[in-house]
Amino acid sequence: MDPRLSLLKRFFQNRYSRKDYLELKKLLLTPDDEWRDLMTQHWKEFSPQTGQYKDLTEVFNAINRKLEKRSPRLPFRKLARGWSRIAAILLLPLLLLTAFLYVQFREYLSQQDVYVEVASPAGSRITLHLPDGSTVWLNGNSQISYPAVFSEDRQVKISGEAFFKVSSDKDHPFVVQADDLFIRATGTEFNVLTYPDESVKSVILKEGKVSVLDAGQTVLQDMEAGYRYDREIDEGKYAKTDAESYGDWINGKLVFENAAMDEVAKRLEHWYGVSIGIKDSSLLNLHFKATFINESIEEALKLLQSTATFNYRFINREIRPDGIPEAAKIIISSGS
């Protein structure tokens, strides 16, 4: 695929970087014929979603006609003609891009089933701004799906871990679907844990109030700030917790407050993009209190060793058939 098409896609999806922005500025100076072909290709890829194809020729011609008009009041027609050509070269790509994106954006918004999907790879964190002004942070190995345009219902679907800061709108509840759980809020801040490889799904409420419902929309728990709700199969547990520490990860802090070894291992996996195996079941009785900010995975393990007795070792990373190395593997065993 032409890398310039990928650039246009990222720009339209509002997922472009500073480097992309600078490349786009250069792209605006592309010759007219080449620019027309590029945008037509981009439109053809988009048109299957709208069920129609737009011929951009008339848009080009209309803009050209306006740019080619001459003013009879100018005494220096040759000079005016030269400046007109320069203006056409400099402004035509920008005008075409504006016209194209305007038409495309209107087509895009008219779709009722267009969804945006964003994934955060292991060891990374992503911040998103949703159509209603709400903000969501995605932890490593997490993804979110939401409508490009919210209707009366503000509903998103997540997998992994996400922290939500919901814009207040009492008439239009904000609903997060986490597998078979639904978290309903109007304006609040909360953390959701729903990794596929973990049997327990958790909701930690930092501010406001939320309701947790099952797939049949039956309320399982009305939550208050400072509480945590854990759901495993058909059993739920509601208890007071340090909600502040569970929201610190969005600021680059990994905080453990009396966390059990299995929870520590899982959170380290998603935070650093590694795989951790616990060899001895006796280690599951260990609990940890710690805060990590810029430490590497090995530095974090050494700090944890200063509060409890255990050993760890790294296993050589294997190469997958596609040539990409697998995640680093760590084995934790008893120190005795």
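Is Phe310 buried or exposed? That was my opening query, and I went to the accessibility value: Phe310 has a relative accessible area of 4%, so I put it down as buried. Note to self before going on: this is a predicted model.

**Overall look**

I started the general survey with the secondary structure and found eight helices and 18 strands in the protein. Then I checked burial across the 336 residues, and buried ones make up 40% of them. I also looked at contacts with a separation of 6 or more, and residues 24 or more positions apart account for 47% of those.

**Aromatic pairs**

I searched the whole structure for aromatic pairs and got seven. Tyr227 and Tyr238 make one I wanted to see up close: the ring centres are 4.8 Å apart and the planes sit at 15 degrees, so this pair is stacked. Tyr227 belongs to strand β12 and Tyr238 to strand β13, with their positions 11 residues apart, and the pair links distant parts of the chain. I looked up accessibility for both rings' residues. Tyr227 comes out as partly exposed at 24%, and Tyr238 is partly exposed too, at 28%.

Back to Phe310, which forms an aromatic pair with Phe288. This one is edge-to-face, with 6.2 Å from centre to centre and 90 degrees between the planes. Here too the pair links distant parts of the chain: Phe288 is in strand β16 and Phe310 in strand β17 (residues 310-315), 22 residues apart. Phe288 has a relative accessible area of 2%, so I count it as buried, and I already had Phe310 as buried at 4%.

I also noted a cluster: Phe164, Phe174 and Phe190 form one aromatic cluster.

**Ala290, on strand β16**

While on β16 (residues 287-292), I stopped at Ala290, which is found in that strand. Its relative accessibility is 18%, and the cut-off for buried is under 20%, so Ala290 counts as buried. What does Ala290 touch, leaving aside its neighbours within four places in sequence? I found Leu254, Val255, Phe256 and Leu304 in contact with Ala290. I checked Phe256 by C-alpha distance: Ala290 and Phe256 are 5.1 Å apart in space, though 34 residues apart in sequence.

**Cavities**

How many cavities of 30 Å³ or more are there? I counted two. The largest cavity holds about 60 Å³ of space. I listed what lines the largest cavity: Asn139, Glu161, Leu193, Tyr195, Trp249, Leu254, Arg267, His270 and Trp271. By class, that lining splits into five nonpolar, two polar and two charged residues. Which element gives the most to it? I got α7, with three residues.

Two names in that list sent me elsewhere. Leu254, part of the lining of the largest cavity, had already turned up among the contacts of Ala290. Trp271, also in the lining, has Arg125 over its face, at 3.7 Å from the ring centre.

**Second largest pocket**

I moved on to the pockets and took the second largest, which contains about 620 Å³ of space. Its lining has 25 residues, and Ser202, Arg228, Asp230, Tyr246 and Glu263 lie nearest the centre. The elements giving two or more residues to this lining are β9 (200-207), β12 (227-232), β13 (235-240), β14 (254-260) and α7 (261-272). I sorted the lining by class and got 11 charged, eight nonpolar and six polar residues.

So α7 shows up here as well as in the lining of the largest cavity. Strands β12 and β13 contribute to this pocket, and they also carry the stacked Tyr227 and Tyr238.

**Backbone oddities**

Last look of the day was at phi angles. Most residues other than glycine have a negative phi. Where does Ile233 lie? I found it in the loop between β12 and β13. Ile233 is not a glycine, yet it has a positive phi of about 55 degrees. At 71% relative accessibility, Ile233 counts as exposed.

Asp179 went on the list as well, with a positive phi of about 65 degrees although it is not a glycine. Asp179 is in the loop between β6 (174-178) and β7 (181-185). Its relative accessibility is 46%, so I wrote down Asp179 as partly exposed.

Technical notes. Residues numbered from 1 in each chain as written. Predicted model: local features only at pLDDT ≥ 70, side-chain atom pairs only at ≥ 80, totals over all residues. Heavy atoms only, no water. 1 Å grid on protein atoms, 1.4 Å probe; cavity = no way out; pocket = protein on both sides within 12 Å on 5 of 7 lines; lining within 4 Å. Points joined across faces, edges and corners; volume = space filled by probe spheres on them. Helix = DSSP H or I, 4+ residues; strand = E, 2+ residues; numbered from the N terminus. Nonpolar A, V, L, I, M, F, W, Y, C, P; charged D, E, K, R; others polar. Buried < 20%, exposed > 50% of the residue type's maximum accessible area, 1.4 Å probe, protein only. Contact = heavy atoms within 4.5 Å. Phe/Tyr/Trp six-rings, centres within 6.5 Å; stacked < 30°, edge-to-face > 60°. Lys NZ or Arg CZ within 6 Å of the ring centre and 35° of its normal.
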